[in-house]
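Got the viewer open and a selection tool handy? Let's take a walk through the model, one stop at a time.

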Amino acid sequence: MVSRASDPLEQVLAALQGAEVLKAFSQDACRALAQAGSPIDLAAGGVLCETGDPGDAVFVILTGEIEVRTTSPAGRDVRLVALGRGAVVGEMAVLDGGPRSADMVATRRSRLWRIPRSALLDRLEAEPKAAVALLVELSTRLRKTNAALESRATLGLGGRLAQLVLAEQNAVGMITLTQAELARRLGASREKVNRKLHEWAAEGFVVITPSGLRLQAPDRLLGVVANQANS
């Protein structure tokens, strides 16, 4: 359930000025946007927006992470992108005034700053440089989304799983995501992911531990991706 609470103005301003899109605004514009907005707190799993909701606001992530996801024809949640502190979410629907095209859900406890559509459009009209920065950011995200879709089209489960675990490993080669979460992000079944991980464990690519997955041979996983991409 969403609850609203006060938020120090300086924290909001720092987030606005550090956001890839909004940092192009002047300090006065950021202050005006901050004053026009209001905070939103979400627990892990909390829904920020659902597909079809009106695009009446843009959100700046102050803390936490928001996952943008859609639903596959089989009814599984498929992650499109995850955005963290300082990122802006929900701007596409705000710009064209249409409904939300995807769900936005907090992956962990998160705080956001909600800026009404009318306030953002007013500032974009007043500061064209910021409008150009917004277009650049949208183009970058579109490229990333296209790359993800291309990966899904050209790579099998093994290649996509290898890409995911390589991207999610920490400094000591551990992946703390559960098998269910790995499967959800890939739009696959947990059973298929579990089978593939056990195949890799038998080959010495990974070690399955109670605290997560540990990479043993990341170069071999890179080879899995390369082989499928070139096949």
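Where does Pro218 lie? Select it and you land in helix α9, residues 218–230; helices here are DSSP runs of H or I with at least four residues, strands are runs of E with at least two, and both are numbered from the N terminus. Pro218 is partly exposed, at a relative accessible area of 31%. For the whole tour, buried means under 20% relative accessible area, exposed means over 50%, and partly exposed is in between, using a 1.4 Å probe and protein chains only. Now add Phe205 to the selection: it sits 13 residues away along the chain, and its C-alpha atom is 7.1 Å from that of Pro218.

Before moving on, some housekeeping. This is a predicted model, where local features need pLDDT of at least 70 and side-chain atom pairs count only at pLDDT 80 or more, while totals for chains, interfaces and linings use all residues. Residues are numbered from 1 along each chain as its sequence is written, and side-chain values use heavy atoms, with hydrogens and water left out.

**Zoom out**

Show the whole chain as a cartoon and you have nine helices and 11 strands. Of its 231 residues, 46% count as buried. Take the contacts (heavy atoms within 4.5 Å) between residues at least 6 apart in sequence: 70% of them join residues at least 24 apart.

**The largest core**

Next, select Leu16, Leu22, Phe25, Val60 and Ile115. These are the residues that touch the most other members of the largest nonpolar core, which has 24 residues. A nonpolar core is a set of buried Ala, Val, Leu, Ile, Met, Phe, Trp, Tyr and Cys residues joined through side-chain atoms within 4.5 Å. Colour α1 (9–18), α2 (27–36), β3 (57–63), β8 (110–116), α4 (117–126) and α5 (128–154), since each of them supplies at least two residues of this core.

Center on Val60. Leaving aside residues up to four places away in sequence, Val60 touches Ala15, Leu16, Leu22, Ala87, Val88, Arg111, Leu112, Trp113 and Ile115. Apart from this core lies another one, of 23 residues, including Leu182, Ala188, Val206 and Leu215.

**Stop: α1 against α2**

Two packed helices are described by the angle between their axes and the distance between the axes. Here, axes are lines fitted to C-alpha atoms, for helices over the stretch in contact, and angles run from 0 to 180 degrees between N-to-C directions.

The axes of α1 and α2 come within 9 Å and cross at roughly 125°. The two helices are therefore oblique to each other; angles under 35 degrees count as roughly parallel, over 145 as roughly antiparallel, 65 to 115 as roughly perpendicular, and the rest as oblique. Show side chains for Leu9, Glu10, Val12, Leu13, Leu16 and Gln17 in α1, which meet Gln27, Cys30, Arg31, Leu33 and Ala34 in α2. That contact divides into seven nonpolar, two polar and two charged residues. For these classes, Ala, Val, Leu, Ile, Met, Phe, Trp, Tyr, Cys and Pro count as nonpolar, Asp, Glu, Lys and Arg as charged, and the others, Gly among them, as polar.

**Stop: α2 against α4**

Keep α2 and bring up α4. These helices pack at an angle of about 170°, with their axes 10 Å apart, and are therefore roughly antiparallel to each other. Ala29, Ala32, Leu33 and Ala36 in α2 meet Ala119, Leu120 and Arg123 in α4, a contact with six nonpolar, no polar and one charged residues.

**Stop: α7 and α8**

Jump to α7 (residues 179–186) and α8 (residues 190–203), which pack at about 115° with axes 8 Å apart. They are therefore roughly perpendicular to each other. Gln179, Ala180, Leu182, Ala183 and Leu186 in α7 meet Arg190, Val193, Asn194 and Leu197 in α8.

Is α7 mostly covered or mostly uncovered? Mostly covered: seven of its eight residues are buried, among them Glu181, Arg184 and Arg185. Pick out Leu186, with a relative accessible area of 6%; its C-alpha atom is 6.5 Å from that of Val78, 108 residues away along the chain. After α7 comes Gly187, with a positive phi near 70°.

**Last stop: a loop**

Finish on Pro210, in the loop between β10 (206–209) and β11 (212–215). Pro210 is exposed, with a relative accessible area of 92%. Measure across to Thr178: the two C-alpha atoms are 10.0 Å apart, with these positions 32 residues apart along the chain.
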